[in-house]
Amino acid sequence: MDTDRTNVILREGFLVKRGHLVHNWKARWFVLMPDKLLYYKYEGGQKDSCQRGKILLKDCVITSPFLEYENRPLVFKLQTENGVDHFLEACSREERDDWAGNIMAAVNKLRVAESGKVTNQPDPAGSHLHNINLSKVLDSMYDVHSGIKMNNHVEQGSTYSNCFSGSAVVDWLVFMQLALTRVEARTLASALLEEGFLRTVGLKSVEAYRTAGLSEQFMDDSTALYSFSDSLKKRGSVKAEKSLSAVELSGKVIKRGYLLKQGHRRKNWKVRLFVLRSQPSYLHYYDPTKDDISPVGGFSLRGCLVSSLQDNGVPSGVKGNIQGNLFKIITQSDTHYFIQAPTEQQKMDWIEAIREHT
C-alpha cells in the first residue's frame with residue numbers, strides 16, 4: 001500500500017482500553033489510519049509524542065456490541081490476525097457504532113486491496129425473523145448467566161429497579177446473533193412486546209407503546225425502559241423510588257463525551273466522561289477507568305457561566321503543559337472548573353450546549 005495513503009488519519013479521539021497484562025481500563029487517544037490503529041497516552045493535559053501501541057487491521061475481526069462486561073455496555077472487541085483481543089469502550093452508542101463501522105470499512109478495504117474481492121455483507125433488508133421462536137428468545141433473554149442484565153434506571157426523578165433499556169435489548173439481540181441489524185433487533189423486540197413477553201416501564205416507553213405504529217412501539221433508546229412480563233417467575237420486581245440524586249440524573253441526555261478535567265486539589269488532568277442533561281440541567285462527570293456507574297462529580301447548570309480560554313499561554317489557575325482547547329465553567333457557588341476538549345470544534349460545541357441549558 002502506498003506510504004502516503006497509509007499515513008492518512010481517518011478518525012481520532014478518546015477510547016477507553018483494557019490492559020493486556022493487568023486488566024484495568026485506561027483512557028487513550030486513538031488514531032485510525034488505513035492499515036492500523038495507533039493509541040497514545042495523555043499526561044498532564046498533553047498527548048505523548050510517542051505511541052503506546054499499535055493494532056494492525058489486516059484481517060481484524062470486529063465484534064460490536066461486545067456485552068461480556070456487565071457495567072460497560074459500550075465496549076467493542078477487535079481480534080487481530082494473530083488472535084490477540086483488544087477491548088475498547090466508547091463514550092456513547094453512536095460513538096461505538098461509528099468507530100466500529102470506520103474500522104470495519106478500513107479492514108474491508110485492506111481485504112479488497114489484497115484479494116480484489118468485496119466482502120459479502122449481510123443484507124440489511126433481508127431477515128430471518130420469520131423462522132424465529134419467540135419463546136426461545138425469551139428463555140435466552142431470561143437466562144441468569146447469559147441473558148440480558150437487569151439494573152436500576154432513572155426516569156423523571158424515579159429510580160426503577162430490575163429493568164433494562166430499549167437500546168440494551170437491541171444490543172443484546174445483535175450480540176447474541178438473534179438479529180443481524182439494529183433495525184431487525186427492534187422488530188424482534190417489538191414482537192416480544194406485542195406478545196406480552198416484555199412490558200413497558202416508566203412514562204417514555206409507555207407513551208411510545210400507546211401512540212406509535214406497530215413497527216415503532218419498541219424504542220432503541222437508552223432512556224426508554226422495559227422489563228419482563230409479570231407472568232414470568234420474577235428475577236426481581238420493578239420498584240420506583242425517589243431520591244435527590246435520582247432527580248439530578250433524571251433529565252434528558254443532551255450530550256456526552258470524553259473531556260479532560262483539571263482536579264481541584266492536585267491540579268492534575270484526568271480524562272472524564274461528561275454527560276450533559278436537561279430538565280433539570282446538570283453536568284455530571286464519570287471516571288471511565290472504574291466500573292462504577294455512579295458519577296464522581298457534578299453540578300447544576302443554573303446560574304453557571306461558561307467561557308472559552310485563549311490558547312496563547314497558560315491561563316491563570318491552569319497547571320500543566322496543556323494543548324489548548326480550554327474552557328472554564330463557574331458555578332453559582334463560585335467553584336471554577338477547567339476543562340480541555342480534544343479539538344477546537346468540540347470545545348465550541350460543548351460551550352454552546354452548556355450555555356443553552358444554564
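Student: Which residue in E13 stands opposite Leu198?
Tutor: In this predicted model, the residue of E13 opposite Leu198 is Phe228.

Student: What makes E12 and E13 a pair of strands?
Tutor: Two strands pair if at least two bridges are found between them. E12 and E13 share 4 bridges, so they satisfy this condition. Their pairing is antiparallel.

Student: How do you know that strand E11 also pairs with E13?
Tutor: Strand E11, residues 158-165, is joined to E13 by 2 bridges. The condition is at least two, so E11 and E13 count as paired. They run antiparallel, and Phe164 stands opposite Tyr226 in E13.

Student: Why are Leu134 and Val137 of helix H3 called buried?
Tutor: A residue is called buried if its relative accessible area is under 20%. In H3, which spans residues 134-142, Leu134, Val137, Leu138, Met141 and Tyr142 are buried. Each of these five is therefore under that cut-off.

Student: How do you know where the buried residues of H3 lie around the helix?
Tutor: Seen down the axis of H3, the buried residues fall within an arc of 130°, so they line one face of the helix. Lys136 and Asp139, on the other side of H3, are exposed. As a general point, an α-helix has 3.6 residues a turn, so residues three or four places apart point the same way.

Student: What covers the buried residues of H3?
Tutor: The cover includes helix H4 (166-175), helix H5 (182-194), strand E12 (198-201) and strand E13 (225-228).

Student: What makes the pair formed by Asn133 and Ser135 at the start of H3 a polar contact?
Tutor: The limit for a polar contact is 3.5 Å between N or O atoms. A side-chain oxygen of Asn133 reaches to within 2.9 Å of the backbone nitrogen of Ser135, so the distance meets the limit.

Student: Why is Phe175 called partly exposed?
Tutor: Phe175, a residue of helix H4, has a relative accessible area of 21%. Buried requires under 20% and exposed requires over 50%, so Phe175 belongs to the class in between. Phe175 touches Thr63, Pro65, Phe66, Leu67 and Glu68, leaving aside residues up to four places away in sequence. The C-alpha atoms of Phe175 and Pro65 are 5.8 Å apart, although 110 residues separate the two along the chain.

Student: What makes E6 and E7 edge strands in their sheet?
Tutor: The open sheet has 7 strands in the order E6-E3-E2-E1-E9-E8-E7, with antiparallel pairing. Strand E6 (53-56) and strand E7 (61-63) each have a single partner strand, so one side of each is left without a neighbour in the sheet. Ignoring direction, neighbouring strands of this sheet are turned by 35° against each other on average. Helix H2 (residues 93-115) packs on the sheet, and among the strands it touches are E2 and E3.

Student: What are the edge strands of the sheet with the order E18-E17-E16-E15-E21-E20-E19?
Tutor: This is an open sheet of 7 strands with antiparallel pairing. Strand E18 (297-300) and strand E19 (305-308) pair on one side only, which makes them the edge strands. The twist averages 30° from one strand to the next. Helix H8 (residues 344-355) packs on this sheet, and its direction makes about 160° with that of E19.

Student: How many helices and strands does the protein chain have, and what share of its residues is buried?
Tutor: The chain has 8 helices and 21 strands. Of its 358 residues, 46% are buried.

Methods: Residues numbered from 1 in each chain as written. Predicted model: local features only at pLDDT ≥ 70, side-chain atom pairs only at ≥ 80, totals over all residues. Heavy atoms only, no water. Axes fitted to C-alpha atoms, helices over the stretch in contact; angles between N-to-C directions. Contact = heavy atoms within 4.5 Å. Buried < 20%, exposed > 50% of the residue type's maximum accessible area, 1.4 Å probe, protein only. Arc of directions from axis to C-beta. Polar contact = N/O pair within 3.5 Å; in protein donor to acceptor, adjacent residues only side chain to side chain.
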